[in-house]
Amino acid sequence: MLVTGGHVRVEPETAAGHLQRDVARAVSRAVAASLPGRPTVAVLITALDVPG
């Protein structure tokens with residue numbers, strides 16, 4: 001997680017079976033709600049773990 005000014009960038013990974021869009025929205029909302037001042041949040045899914 002990178003925090004600069006009023007902005008946060010998070011780069012999580014997600015597992016197969018989870019929609020990246022839904023994961024990104026949930027992470028963004030949780031991070032914004034947990035920090036003072038409700039900063040803007042960017043979420044970049046960096047990897048998708050596909051069993052194989």
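Buried means under 20% relative accessible area, exposed means over 50%, and partly exposed lies in between (1.4 Å probe, protein chains only). The model is predicted: local features need pLDDT of at least 70, side-chain atom pairs count only at pLDDT 80 or more, and totals for chains, interfaces and linings use all residues. Residues are numbered from 1 along each chain as its sequence is written, and side-chain values use heavy atoms, with hydrogens and water left out.

**Exercise 1. Describe the fold.**
State which secondary structure elements the protein has and in what pattern they follow.

Solution.
- Step 1. Fix the terms. Helices (H or I, at least four residues) and strands (E, at least two) are DSSP runs, numbered from the N terminus.
- Step 2. List the elements. There are one helix and five strands.
- Step 3. Put them in sequence order. The pattern reads β-β-β-α-β-β.
- Step 4. Add dimensions. The C-alpha trace spans about 40 × 15 × 15 Å along its principal axes.
- Step 5. Add burial. Of the 52 residues, 19% count as buried.

**Exercise 2. Place Thr14.**
Find the strand that holds Thr14, decide whether Thr14 is buried or exposed, and name residues that Thr14 touches.

Solution.
- Step 1. Locate the residue. Thr14 sits in strand 3, which covers residues 13-15.
- Step 2. Check the accessibility. Thr14 has a relative accessible area of 7%, so Thr14 is buried.
- Step 3. Look for contacts, meaning heavy atoms within 4.5 Å. Leaving aside residues up to four places away in sequence, Thr14 touches Gln20, Val23, Ile45, Ala47, Leu48 and Asp49.
- Step 4. Compare sequence with space. Val50 is 36 residues from Thr14 in sequence, yet their C-alpha atoms are 9.1 Å apart.
- Step 5. Widen the view to the protein. Among contacts between residues at least 6 apart in sequence, 66% join residues at least 24 apart.

**Exercise 3. Find the salt bridges.**
Count the salt bridges, then classify the accessibility of Glu11, Arg9 and Asp22.

Solution.
- Step 1. Recall the principle. Side chains of opposite charge can pair when their charged atoms come close.
- Step 2. Apply the rule: a side-chain nitrogen of Lys or Arg within 4 Å of a carboxyl oxygen of Asp or Glu. The count is two.
- Step 3. Take one pair. Glu11 bridges to Arg9, with the closest N and O atoms 3.0 Å apart. Glu11 has a relative accessible area of 40%, so Glu11 is partly exposed. Arg9, at 39%, is partly exposed.
- Step 4. Take the other pair. Asp22 meets Arg21 at 3.5 Å, N to O. Asp22 has a relative accessible area of 38%, so Asp22 is partly exposed.
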